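Here's a quick walk through the fold, written for someone who'd rather be at the bench. Have a look at the model first, then read on.

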Amino acid sequence: MTLQKNRAIVLHSGGQDSTTCLAWALKKFKKVHLISFDYGQRHKKELKAAKKIAKKLNLSHKTIKLPFLSELTANALTDKTVKVKAGSESRLPSTFVDGRNMVFLTAAAIYAKQKGIPNLVTGVCQTDYSGYPDCRNEFIKSIEKTLRLAMEFPFKIHTPLMFIDKAETVRMMQKLGSLELLKYTHTCYEGRKLACGLCPACKLRLKGFRLAKVNDPIKYEPKTVPGR
Ligand SMILES: [Zn+2]
């Protein structure tokens, strides 16, 4: 198998961060493939967004089913009866899925190795990590080493957003000239036609755009417009 050093697999959720990583990867690598995970999310809008973006850019896109995650944990992302709650210093947000990024990266690595691709790109971020331990740089370094050992393959995990905040992520997209791609992304936890503007994910997204002084190209439910 030839090592495809100029290729990368982007872990793509259809959200803002992973789409920014995609734009970053398109500048850095000759060929980019996308992988998304269907783990029983509350709604499929994210996955639809990922498909739409892949199609727009004419990129190969694989969706992998990981249904066991929702069987293992009860949380607001996979269980409609659990309310979406922001985290605090003493409590993780109710959207937390233990080990999710670890499972995603492992699955992506197995897929990447089959294609001879060592580069994995993920939008994890320590700055806004909301208490998710497997978003931290220390974890990424550790799993990179583990995946190399597990599969004897020179994996390299790229995390272009690791040390920047949401506003800088928006500015990064602006610099990459890909702001219009964000129009197709989905962030809201609610999954209605328009984003709610009120859930923790919407709030974080809106704050980033506001601080970057850039207009968010997605549409929000009308009641949330005042005060934005
Ligand atoms: Zn929302």
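Of this protein's 228 residues, 38% count as buried. Keep in mind that this is a predicted model. Among contacts with a separation of 6 or more, 68% link residues sitting 24 or more positions apart.

As for the parts list, the protein has 7 helices and 5 strands. Going along the sequence, they come in the pattern β-α-β-α-β-α-α-β-α-β-α-α.

**The sheet**

The 5 strands form an open sheet in the order β3-β2-β1-β4-β5, and the pairing is parallel. At the edges you'll find β3 (61-65) and β5 (156-158), each of which pairs on one side only. On average, neighbouring strands are turned by 25 degrees against each other, ignoring direction. Zooming in on one pair, strand β1 (residues 7-11) runs parallel to strand β4 (residues 119-121), and 3 bridges join them. One pairing to pick out: V10 has V121 in β4 as its bridge partner.

**Helices against the sheet**

Two helices can be set against β1 like this:

| Helix | Strands it meets | Angle to β1 |
|---|---|---|
| α1 (residues 16-28) | lies across β1, β2 (31-38) and β4 | about 170 degrees |
| α4 | touches β1, β2, β3, β4 and β5 | about 150 degrees |

So what do those angles say about direction? Anything over 145 degrees counts as roughly antiparallel, and α1 runs at about 170 degrees to β1, while α4 makes about 150 degrees with β1.

**Helix against helix**

Now for α4 and its helical partner. The axes of α4 (residues 100-114) and α5 (residues 137-151) come within 11 Å and cross at roughly 40 degrees. The two helices are therefore oblique to each other. The crossing of α4 past α5 is right-handed. Which residues make the contact? On the α4 side they are M102, L105, T106, A109 and K113, and α5 brings I143, L147 and M151. Sorted by class, that contact has 6 nonpolar, 1 polar and 1 charged residues.

**A stop at K203**

Further along the chain, K203 sits in helix α7 (residues 200-212). Is K203 buried, exposed or partly exposed? K203 counts as partly exposed, because 15 C-beta neighbours lie inside 10 Å, and being buried would take 20 or more. K203 is also 16 residues from T187 in sequence, with a C-alpha to C-alpha distance of 9.8 Å.

Terms used. Residues numbered from 1 in each chain as written. Predicted model: local features only at pLDDT ≥ 70, side-chain atom pairs only at ≥ 80, totals over all residues. Axes fitted to C-alpha atoms, helices over the stretch in contact; angles between N-to-C directions. Helix = DSSP H or I, 4+ residues; strand = E, 2+ residues; numbered from the N terminus. Parallel < 35°, antiparallel > 145°, perpendicular 65-115°, else oblique. Left-handed = near helix turned anticlockwise from the far one by under 90°. Contact = placed C-beta atoms within 7 Å. Nonpolar A, V, L, I, M, F, W, Y, C, P; charged D, E, K, R; others polar. Buried ≥ 20, exposed ≤ 12 C-beta atoms within 10 Å, placed from the backbone. Pairing = 2+ DSSP bridges.
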